[in-house]
Amino acid sequence: MEVCHSPEQSNVTSYGATTVVVVTLETFAGMWINAFIVSVICMAWVKRKILNSNEKILLFLGSSRFWFLCISWVYSIFLIFYPNHLYVHPIFQLLDSAQSFFKCSNLWFSASLCVFYCIKIANFRNSFFIYLKVKIDRIVPCLLLGSVLFSLVMGITVYNIMDKALSQNLNFTCQGRISKASIRIDQHFLPHYFIIGFGYATAFTAVILSALLLLFSLWRHKRNMQTNSMKDLSMDAHIKAMKSILSFFIMYSINFICLILTLIYSMKNESDAIFLTYLIQYTFPGLHSLVLIFSNPRLEKRLLGILPCGKCKVFLKREL
C-alpha cells in the first residue's frame with residue numbers, strides 16, 4: 001500500500017530523537033536481562049530434562065517481558081519516525097493488541113510468581129493453605145495456562161475494540177491511511193480501558209495480598225524465634241528477606257500507578273505525561289528481572305560469572 005508522506009514524518013525533532021535513544025537504552029537493557037534469564041533456564045531444562053515450578057514461572061515471565069519490550073520499541077520507532085506507516089490499517093491494531101497481550105501476561109505471570117512465593121515460603125496452620133502448599137507444583141501450570149488464556153482474550157478484545165473504534169471515528173486519506181489528527185476518545189474506547197483496568201486491578205490485588213501475607217508470616221516467625229530464645233536466629237537473613245519483599249511490593253505499586261495514569265492521560269490526550277509514564281513502565285521489566293536474578297542463586301552465579309569487571313560484581317551485590 002502506498003503511503004503519503006507529510007512534513008511531520010520527514011521532520012524528526014531533537015525531542016523525538018532523544019525519546020528514541022532513551023527508549024532504546026531502556027528496552028534493550030531489559031531485553032538483554034530477560035533474554036539472559038530465559039537462556040539460563042532453557043540450558044538447565046536441556047541439561048536436567050525438567051524444570052521446577054519457580055523456573056517455569058521465570059521462563060514464562062522472562063519471555064513475556066522480552067517480547068513486550070521488543071514490541072514496545074518497534075511501536076515507539078514507528079510512532080516517532082514513521083507515523084504514517086503506523087496508522088495504516090491494520091498495523092496499529094496489531095501492535096496495540098500484541099502489546100496488550102504481552103503487557104497483561106507480564107503482569108499476570110508476575111502475580112503468579114508472587115503467589116507462588118507466598119504459598120511456598122509463608123507458614124500458616126490453615127487447612128486450605130496447607131493444601132495449596134502441598135499441591136503448589138500442580139497449581140503452577142494451571143496459573144500459567146490461565147494467565148496465557150486471559151492475556152489472549154485481552155489481546156483479541158483490544159484488537160476488536162480498537163478496530164471498530166478507529167473504523168467508525170477516523171478519517172481515511174491517502175488510500176486508506178488513518179489520519180492521526182482525527183483520533184478522538186469516545187464511548188467505543190471505554191470497554192478497552194475498563195477491561196485493561198480490571199485485569200491490572202485483579203493482578204495487583206493478588207500481589208498485595210501475597211506480599212502482606214509474606215510479611216506477616218516472616219514477622220510472626222521472627223517473633224516466635226525471639227520468644228523461644230533461639231540462638232541460631234539470623235537477623236541478617238530476615239532483614240534481607242523483608243527488604244526483598246518490600247522492594248517487590250514497592251516496584252509493583254509504582255508500576256500499577258503508572259498503568260492507571262497511562263489510561264487516564266490517554267483519555268485526556270496528554271502525550272507528554274504519557275511519555276513519562278511509558279519511560280517508567282519500560283524500566284520496570286528490566287529492573288525487576290534484575291532483582292529476580294539476584295534472588296536466585298543459580299541466575300546470580302551465572303550473571304556474576306559473565307561480568308568482566310570485578311568492581312561491577314561487588315557493586316551489584318551491595319545494591320541488590
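Let's start with helix H5, which has 31 residues and reaches 45 Å from its first C-alpha to its last, close to the 45 Å expected at 1.5 Å a residue. The expected span of a helix is 1.5 Å times one less than its number of residues. Helices (H or I, at least four residues) and strands (E, at least two) are DSSP runs, numbered from the N terminus.

What you see is a predicted model, in which local features need pLDDT of at least 70 and side-chain atom pairs count only at pLDDT 80 or more, while totals for chains, interfaces and linings use all residues. Residues are numbered from 1 along each chain as its sequence is written, and side-chain values use heavy atoms, with hydrogens and water left out.

**How confident is the model?**

The score to know here is pLDDT, the predictor's confidence in each residue, from 0 to 100. The protein chain has a mean pLDDT of 75, and 71% of its residues reach 70 or more. Among its elements, helix H3 (residues 53–81) has the highest mean, 89, and strand E2 (residues 177–178) the lowest, 40. Two stretches deserve some caution. Over residues 1–11 pLDDT stays under 50, and the model has 20 contacts (heavy atoms within 4.5 Å) beyond four places in sequence for them. Over residues 231–235 pLDDT also stays under 50, with six such contacts.

**The nonpolar cores**

Back to H5: 23 of its 31 residues are buried. Buried means under 20% relative accessible area, exposed over 50%, and partly exposed in between (1.4 Å probe, protein chains only). In soluble globular proteins, nonpolar side chains tend to be buried together. A nonpolar core is a set of buried Ala, Val, Leu, Ile, Met, Phe, Trp, Tyr and Cys residues joined through side-chain atoms within 4.5 Å.

Which residues have the most contacts inside the largest nonpolar core? They are Phe92 and Tyr200, in a core of 34 residues. The elements that give two or more residues to this core include H3, helix H2 (14–48), helix H5 (91–121) and helix H8 (190–227). H5 gives the most, with eight residues. Leaving aside residues up to four places away in sequence, Tyr200 touches Lys103, Leu107, Phe256 and Leu259. Apart from the largest core lies another, of 26 residues, among them Leu51, Leu132, Leu144 and Phe294.

**Salt bridges around Glu55**

A salt bridge is a side-chain nitrogen of Lys or Arg within 4 Å of a carboxyl oxygen of Asp or Glu. A search of the whole structure finds two, listed here.

| Salt bridge | Closest N to O |
|---|---|
| Glu55 and Arg48 | 2.7 Å |
| Glu55 and Arg298 | 2.8 Å |

Glu55 lies in helix H3 and Arg298 in helix H11 (residues 297–306), so this pair ties together parts that are 243 residues apart in sequence. Salt bridges that share partners join Arg48, Glu55 and Arg298 into one network. Is Glu55 buried or exposed? Glu55 counts as buried, because its relative accessibility is 4%. Arg48 is partly exposed at 35%, and Arg298 is partly exposed at 39%.

**The cysteines**

A disulfide is a pair of cysteine sulfur atoms within 2.5 Å, and by this rule the count is zero. Why does Cys118 have no bond to Cys114? The sulfur of Cys118 is 7.1 Å from the closest cysteine sulfur, in Cys114, and that is too far for a bond. Cys118 counts as buried at 4% relative accessibility, whereas Cys142 counts as exposed at 54%.
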